[in-house]
Amino acid sequence: MTFKTKLAATVALLFTVAAPLPALALDDAQKKEIGEFIKEYLVENPEILVDVQEALQKKQEEQQQAKAKSAISDNEKAIYNSPYDIALGNPKGDVTIVEFFDYNCGYCKRALSDMDDILKEDKNVRFVLKELPILGPDSLAAHKVSAAFRDLAPEKYGEFHRALLGGEGRATEESAIALAANMGISEADIRKTMTEKPHDDAVREAYSLANDLGITGTPSYVLGNEMVFGAVGADDLRAKIANVRACGKASCS
């Protein structure tokens with residue numbers, strides 16, 4: 001009997017005997033022998049562990065997407081048409097991408113060009129920017145300045161967003177206010193608007209959506225009925241845009 005056959009027979013015996021008759025538990029010697037069989041087999045065939053890890057990851061991703069699809073359906077208005085957000089590109093585009101981002105997220109900074117490339121080449125995409133300040137007090141403070149700027153000069157928000165996210169160094173209240181001043185919005189006006197309209201509800205909504213959607217980092221995207229986690233690159237986003245147009249879903253099957 002080969003080792004593999006012996007292992008299979010041992011496992012089969014375990015399920016045959018132990019499952020119907022839980023009282024007939026294996027003794028310590030039997031447990032030790034089975035453990036040694038399994039250990040020896042795994043040492044000789046370590047690629048099995050890779051297969052197991054890949055299967056586990058796939059299962060977790062499927063569960064994550066199933067949860068996200070339900071949350072997208074339940075929160076469609078807040079995700080795609082929240083009054084707190086601004087959309088770039090075509091306001092009547094046939095495909096909408098929603099990006100959750102943080103002004104101090106390095107991956108978001110790298111992904112900025114993905115958004116710009118897509119909007120430049122595809123004039124039928126609507127790109128919703130959803131601020132999710134999760135990287136500390138500076139991010140939250142920069143967000144509050146951004147929200148005030150959006151209220152005061154919505155037509156310049158796209159330019160402000162690109163400059164603040166694409167700038168060097170950490171985004172803070174001070175750097176965001178300085179940027180706003182360079183774009184013609186005074187610090188006094190920004191601070192007045194921040195006091196009168198702090199946009200706390202916008203932050204709470206973004207945090208709540210992130211929790212429901214299973215978002216644990218930025219950037220994260222909603223595209224069709226699917227979550228896209230991480231800075232996956234413009235090509236991946238283009239493929240999912242094409243899928244939405246072809247079958248109504250981010251992944252056609």
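Contact here means heavy atoms within 4.5 Å. With that settled, I will go through this structure, which is a predicted model. I will start with one alanine and work outwards.

The alanine is Ala142, which sits in helix H6. Ala142 has a relative accessible area of 0%, so it counts as buried. What is Ala142 in contact with, once its neighbours within four places in sequence are left aside? The partners are Ala171, Thr172, Glu173 and Ala176. One further pair is worth giving as a distance: from C-alpha to C-alpha, Ala142 and Ile177 are 8.3 Å apart in space, with their positions 35 residues apart in sequence.

That brings us to the packing of H6 on H8. Two packed helices are described by the angle between their axes and the distance between the axes. For H6 and H8, the axes cross at roughly 25° and come within 7 Å. The two helices are therefore roughly parallel to each other. Their crossing is right-handed. On the H6 side the contact uses Ala141, Ala142, Val145 and Phe149, and on the H8 side Glu173, Ala176, Ile177 and Ala180. Sorted by class, the contact of H6 with H8 has 7 nonpolar residues, 1 charged and no polar.

H8 also packs with H7. H7 covers residues 157–166 and H8 covers residues 173–182; the angle between them is about 140°, and the axes are 11 Å apart. That angle makes H7 oblique to H8. H7 passes H8 in a right-handed crossing. From H7 the contact takes Phe160, Ala163 and Leu164, and from H8 it takes Ser175, Ala176, Leu179 and Ala180. This contact of H7 with H8 comprises 6 nonpolar residues, 1 polar and no charged. Note that Ala176 and Ala180 of H8 are in the contact with H7, and that Ala176 and Ala180 are also in the contact with H6.

Next, helix H5, residues 106–121. Which residues of H5 are buried? They are Cys108, Ala111, Leu112, Asp114, Met115, Ile118 and Leu119. As for what surrounds them, these buried residues pack against four strands, S1 (86–89), S2 (95–101), S3 (125–131) and S4 (220–223), and against two helices, H7 and H11 (234–247).

Now the salt bridges. The count comes to 15. I will take three pairs and one network.

The first pair on my list is Asp138 with Arg170, whose side chains meet at 3.1 Å, N to O. Asp138 is in helix H6, residues 137–152, while Arg170 is in the loop between H7 and H8, so this salt bridge ties together parts that are 32 residues apart in sequence. Asp138 is partly exposed, at 28% relative accessibility. Arg170 is partly exposed as well, at 43%.

The next pair is Lys240 with Glu226, a salt bridge at 2.8 Å, N to O. Lys240 belongs to helix H11 and Glu226 to strand S5, residues 226–229; the two are 14 residues apart, and the pair links distant parts of the chain. Are these two residues buried or exposed? Lys240 has a relative accessible area of 12%, which makes it buried, since the cut-off is under 20%. Glu226 is at 10% and also counts as buried.

The last pair is Arg238 with Asp235, at 2.4 Å, N to O. Both residues lie in helix H11, 3 residues apart, which is about one turn of the helix. Arg238 is partly exposed at 27% relative accessibility, whereas Asp235 is exposed at 59%. As for the network, Asp94, Asp122 and Arg245 are joined into one by salt bridges that share partners.

I will finish with the backbone. Most residues other than glycine have a negative phi, and most peptide bonds are trans. Where does this model have a cis peptide bond? The bond joins Thr218 and Pro219, with omega at about -5°. Pro219 is in the loop between helix H10 (200–213) and S4.

The positive phi to mention is that of His199, which is near 60°. His199 lies in the loop between helix H9 (187–196) and H10. At a relative accessible area of 13%, His199 is buried.

Key:
Residues are numbered from 1 along each chain as its sequence is written. This is a predicted model: local features need pLDDT of at least 70, side-chain atom pairs count only at pLDDT 80 or more; totals for chains, interfaces and linings use all residues. Side-chain values use heavy atoms; hydrogens and water are left out. Axes are lines fitted to C-alpha atoms, for helices over the stretch in contact, and angles run from 0 to 180 degrees between N-to-C directions. Angles under 35 degrees count as roughly parallel, over 145 as roughly antiparallel, 65 to 115 as roughly perpendicular and the rest as oblique. A crossing is left-handed if the near helix is turned anticlockwise from the far one by less than a right angle, and right-handed if clockwise. Ala, Val, Leu, Ile, Met, Phe, Trp, Tyr, Cys and Pro count as nonpolar, Asp, Glu, Lys and Arg as charged, and the others, Gly among them, as polar. Buried means under 20% relative accessible area, exposed over 50%, partly exposed in between (1.4 Å probe, protein chains only). A salt bridge is a side-chain nitrogen of Lys or Arg within 4 Å of a carboxyl oxygen of Asp or Glu.
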